[in-house]
Amino acid sequence: MERSSFATLFPKYREAYLKECWPLVEKALGDSNIKASLDLIEGSISVCTTKKTYDPYAIIRARDLIKLLARSVPFEQAVRILQDDMACDIIKIGTLVRNRERFVKRRQRLIGPKGSTLKALELLTNCYVMVQGNTVSALGPYNGLKEVRKVVMDTMKNIHPIYNIKTLMIKRELSKDPDLRVQSWERFLPKFRHKNVAKRKEPKKKSVKKEYTPFPPPQPESKVDKELATGEFFLRESVKKRKKMEEIKVKQAEALTKKQEERNKAFIPPKEKPLLKKTTKAPTEGKLDIEAIKEKVKKAKMKKLGAPPVNPAPPSSTTNKKKKN
C-alpha cells in the first residue's frame, strides 16, 4: 500500500569494503524482500520496501543494518540485526567531553590495553561493541545493550569502566542461584565512592566574615566637614598657609632629631663587662717568716744541682757513740 525507505551516508574510507560485501548485503535483505541500493557518487546507502514485503518491521531492521555498516561494523556482525532477538544501539559520545585530548583518553580507557576492557564488556553483556570515531555501536540483546550504554556513559563522565565490569561479574554469578533471583542484590553489589584525595590547602590568613547588616557603612567625613568642625574653614588663606608651614616645620624638626639620634648610636660605646677581682686568701699567721722561705728555696736549688751543702751540719752526739761502739 505504502512504500517506506531509509537512507544513510557513509565515509569515504568505507567505500572499498561496502563495494566488496554489497552482494552479500543484497542477498541478506532479499530474503525479507527489501531492496537496497549503493550510491558511490553521493556516498549513501538506501533501503526501501517492495510489493512483496510481508514483514512490516523488516524495513526498520534494514535501516539498522545500513547504519551499522556505515559505522565500520563488519558485515558478519551487522547481519545479525535481522534476527528477531537482536537489537542495536549507536551511542554518540563526541559531544559528551569538550576537551579533545580528554575525550581521546577516555575513549581509549573504554577500549583498554589491547582491547581487553572492551572484550570483557562483550563477554559479560553478550553484545558486540565497536568504538569508531565519535560513536560507539553496540549489537546484541536488549538487556546487554542497556548495560553497554551505562558503561559507555559513565566512562565519558570520568568513571572507570572497571567498576561497572565488577558489578556485572557479580550480577552474573548471582543470577545462577535460583534462590537469589527473587531477592534484592543491593547487599552483594560493591559501592564505589569517589574519594577526593587532593584536599585544598587552608590559607594562612583566614578572613573572618563580618555579620551582614542591611544598612550601608557611615559616610566618611570630607575635608570641608573636618575644617568646619575644627573652625579652620573660617580662617583667612594667609593664616591657613602660616599654620600649614608651622606644622611642616614641626614635623621636619622631629624627623631631624630622630635621624640625629640614629647617627649618634654608632658612636656610643658598648657596655663592658666588669672584671672579676682575684681574691687572695688571708694568711693564717699574722706575719710571714721570709728567712725560712729563703732557706727552703736555697736548699731546693742545691738538691736540683747536686752540689754539696755549703754549711754542713755538725755531727750529733748519737752518731759519735755509734762509731765508738
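Which residues of helix 6 are buried? This note on a predicted model begins with that question and then goes through the two sheets, the two cores and a pair of individual residues.

1. Helix 6 and its buried residues. The buried residues of helix 6 are Gly144, Leu145, Val148, Val151, Val152, Asp154, Thr155 and Met156. When reading such a list, it helps to recall that an α-helix has 3.6 residues a turn, so residues three or four places apart point the same way. The buried residues of helix 6 pack against several elements, namely strand 4, helix 4 (100-111), helix 5 (116-125), strand 5, strand 6 and helix 7 (161-174).

2. The length of helix 6. Helix 6 covers residues 142-156, which makes 15 residues, and because each residue is expected to add 1.5 Å, the helix should span 21 Å. The C-alpha atoms at its ends are 21 Å apart, so the expected span and the model agree. Just after helix 6, asparagine 158 takes a positive phi of about 70 degrees.

3. The sheet of strands 4, 6 and 5. Three strands form an open sheet in the order 4-6-5, and their pairing is antiparallel. Its edge strands are strand 4 (87-92) and strand 5 (128-132), each of which pairs on one side only. On average, and with direction ignored, neighbouring strands of this sheet are turned by 15 degrees against each other.

4. The hairpin of strand 5 and strand 6. Strand 5 and strand 6 (residues 135-140) run antiparallel and are joined by five bridges. Within this pairing, valine 131 stands opposite valine 136 of strand 6, while glutamine 132 has threonine 135 of strand 6 as its bridge partner. Two residues lie between the strands of this hairpin, and glycine 133 takes a positive phi near 65 degrees there. Although strand 5 is an edge strand, it is mostly covered, with four of its five residues buried.

5. The sheet of strands 1, 3 and 2. Another open sheet of three strands has the order 1-3-2, again with antiparallel pairing. The edge strands here are strand 1 (5-9) and strand 2, each pairing on one side only, and neighbouring strands of this sheet are turned by 15 degrees against each other on average, direction ignored. Strand 1 and strand 3 pair over five bridges in the antiparallel sense, and the bridge partner of threonine 8 in strand 3 is isoleucine 45.

6. Helices on that sheet. Helix 1 packs on the sheet by touching strand 2 and strand 3, and its direction makes about 165 degrees with that of strand 2. Helix 2 also packs on the sheet, touching strand 1, strand 2 and strand 3, and its direction makes about 5 degrees with that of strand 1.

7. The nonpolar cores. The largest nonpolar core has 26 residues, of which Val25, Leu29, Ile34, Val47, Leu65 and Leu69 touch the most other members. At least two residues of this core come from each of helix 1 (15-30), strand 2 (34-39), strand 3 (44-49), helix 2, helix 3 and strand 5, and helix 2 gives the most, with eight residues. Valine 25 touches Leu65, Leu69 and Phe75, if residues up to four places away in sequence are not counted. A second, separate core of 21 residues includes Leu110, Leu124, Cys127 and Val131.

8. Arginine 61. Is this residue, which is found in helix 2 (residues 58-70), buried or exposed? Arginine 61 has a relative accessible area of 10%, and because buried means under 20%, it counts as buried. Its side chain reaches the backbone oxygen of methionine 86 at 3.3 Å. Not counting residues up to four places away in sequence, arginine 61 touches Ile81, Leu82, Gln83, Asp84 and Met86.

9. Valine 79. This residue is found in the loop between helix 3 (75-78) and strand 4. Valine 79 has a relative accessibility of 24%, and because buried means under 20% and exposed means over 50%, it counts as partly exposed. Leaving aside its neighbours within four places in sequence, valine 79 is in contact with Ala28 and Leu65. Valine 79 and leucine 65 are 14 residues apart in sequence, while their C-alpha atoms are 6.6 Å apart in space.

Key
Residues are numbered from 1 along each chain as its sequence is written. This is a predicted model: local features need pLDDT of at least 70, side-chain atom pairs count only at pLDDT 80 or more; totals for chains, interfaces and linings use all residues. Side-chain values use heavy atoms; hydrogens and water are left out. Two strands pair if DSSP finds at least two bridges between them. Axes are lines fitted to C-alpha atoms, for helices over the stretch in contact, and angles run from 0 to 180 degrees between N-to-C directions. Buried means under 20% relative accessible area, exposed over 50%, partly exposed in between (1.4 Å probe, protein chains only). The expected span of a helix is 1.5 Å times one less than its number of residues. Contact means heavy atoms within 4.5 Å. A polar contact is a pair of N or O atoms within 3.5 Å; within protein, one must be able to donate a hydrogen and the other to accept it, and residues adjacent in sequence count only if both atoms are side-chain atoms. A nonpolar core is a set of buried Ala, Val, Leu, Ile, Met, Phe, Trp, Tyr and Cys residues joined through side-chain atoms within 4.5 Å.
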